[in-house]
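User: Hi! I would like a close look at one part of this model, the place where two helices pack together, with enough of the surroundings to put it in context.

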Amino acid sequence: MPVESRFLNLKGLMRRFFSVLSVFALAACLSESTTGPRDPSDQDSDHSLPYEAHKAILFSPGLWADVYVPTEGSGPFPAVVLIHGGGWSGGDRGDFLPEAVHLASNGFVAAAIDYRLAPAHPFPAALQDAKAAVRWLRANADSYTIEPAQIGVVGSSSGGHLAAMVGTTAGVAEFEGEGNPAFSSEVQAVAAISSHLDLPGLWRSGTGLGILAIERFLGSGYRQDPALWAIASPITYVSPGSASFLLLHGTEDTRVPLAQAEAMREALVAEGAHVEVFFASGANHGFFFSSIWNLPSMEVITDFFTRMLNQSG
């Protein structure tokens, strides 16, 4: 399939800045001041909003999701799972609140999820949880007006690694975990932001600053178990059947160098899979959450999911 390279045209994209600014301001007002699971029946009842929020829904034992369902249009809607970053050992589903609201306001069911964290729960626990979330959405498609054949996933940094693993490992039994086994964990589209995609390559390059986080996540250093580092790498599983990919990366990322995205793009192209890139010129590892880059990046992601996930089902 064709490869589309997307580089930032900041001047053009910022003309659309204010068209989506109100959505993110609204999300900030909705952010929670407390932590921990909430009553699953708690949901946003303001019918003037373009979405309905279902908070703290238990999708797997001990794991919750916040699910945002569009209120405009009849559906069923494509769905997107949002996977937070944090070095596989921190963060929570609230980190992606503005992005979930943005997607729900643009016709997607958005599910921001928690997952088990390292080092208490090393690989592949977090991946199994992400796949469990996809299966749970399919199992509950009618309840949330979801088109089960059209599910995407987006993640940043370590969350992007998990998203990319979900998009390349459909049918790999040891990664499936438990919950709703009658439903598939396959996804149709992946947006991976500043992501670890080739763990052995990252170690060999000697340029990434996140090696300790990977060791905590895997429970082993590269020299002790290089095979495990390859097993935990999305690039290992790239095939013609991989999901469509959008790779977003800062060109000056010193934690996860741009070479990671470039290698993944080359691997996907070689297998004939669909891949697009968005390289943020001069930006570092956390560019996606910066005031300059977040809104333009979200427009690219929304456009990608709109094209890759058939809105009509």
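How many helices and strands are there in the protein chain, and how do helix α3 and helix α10 pack?

Analyst: Happy to walk you through it. Please keep in mind that this is a predicted model. The protein chain has 10 helices and nine strands. Of its 313 residues, 56% are buried. Among contacts with a separation of 6 or more, 75% join residues that lie 24 or more positions apart.

Now to the helix pair. Helix α3 covers residues 97–104, and helix α10 covers residues 294–308. Their axes are 11 Å apart and meet at an angle of about 45 degrees. That angle is neither under 35 degrees nor in the range of 65 to 115, and α3 and α10 are therefore oblique to each other. As for handedness, α3 passes α10 in a right-handed crossing.

Which residues make the contact? From α3 come Glu 99, His 102 and Leu 103, while α10 brings Asn 294, Met 298, Thr 302 and Phe 305. By character, the residues of this contact divide into three nonpolar, three polar and one charged.

Phe 305 of α10 deserves a second look, as this contact residue also belongs to an aromatic pair with Phe 304. The structure holds 14 aromatic pairs. In this one, the ring centres of Phe 304 and Phe 305 are 5.5 Å apart and the planes stand at 50 degrees, so the pair is tilted. A tilted pair has planes that are neither under 30 degrees apart nor over 60. Phe 304 and Phe 305 are both buried.

Elsewhere among the aromatic residues, ring pairs join Trp 88, Phe 123, Phe 175, Phe 217 and Tyr 237 into a cluster.

One more site helps to fill in the surroundings. Ala 79 sits in strand β4, which spans residues 77–83. With a relative accessible area of 0%, Ala 79 is buried, since the cut-off for that label is under 20%. Leu 309 is 230 residues away from Ala 79 in sequence, yet their C-alpha atoms are 8.5 Å apart in space. Leaving aside residues up to four places away in sequence, Ala 79 touches Leu 309 as well as Val 109, Leu 137, Ile 146, Gln 150, Ile 151 and Gly 152.

To put the main part together: α3 and α10 are oblique to each other, they cross in a right-handed sense, and Phe 305 is one of the residues that make their contact.

How values were computed. Residues numbered from 1 in each chain as written. Predicted model: local features only at pLDDT ≥ 70, side-chain atom pairs only at ≥ 80, totals over all residues. Heavy atoms only, no water. Phe/Tyr/Trp six-rings, centres within 6.5 Å; stacked < 30°, edge-to-face > 60°. Buried < 20%, exposed > 50% of the residue type's maximum accessible area, 1.4 Å probe, protein only. Axes fitted to C-alpha atoms, helices over the stretch in contact; angles between N-to-C directions. Helix = DSSP H or I, 4+ residues; strand = E, 2+ residues; numbered from the N terminus. Parallel < 35°, antiparallel > 145°, perpendicular 65-115°, else oblique. Left-handed = near helix turned anticlockwise from the far one by under 90°. Contact = heavy atoms within 4.5 Å. Nonpolar A, V, L, I, M, F, W, Y, C, P; charged D, E, K, R; others polar.
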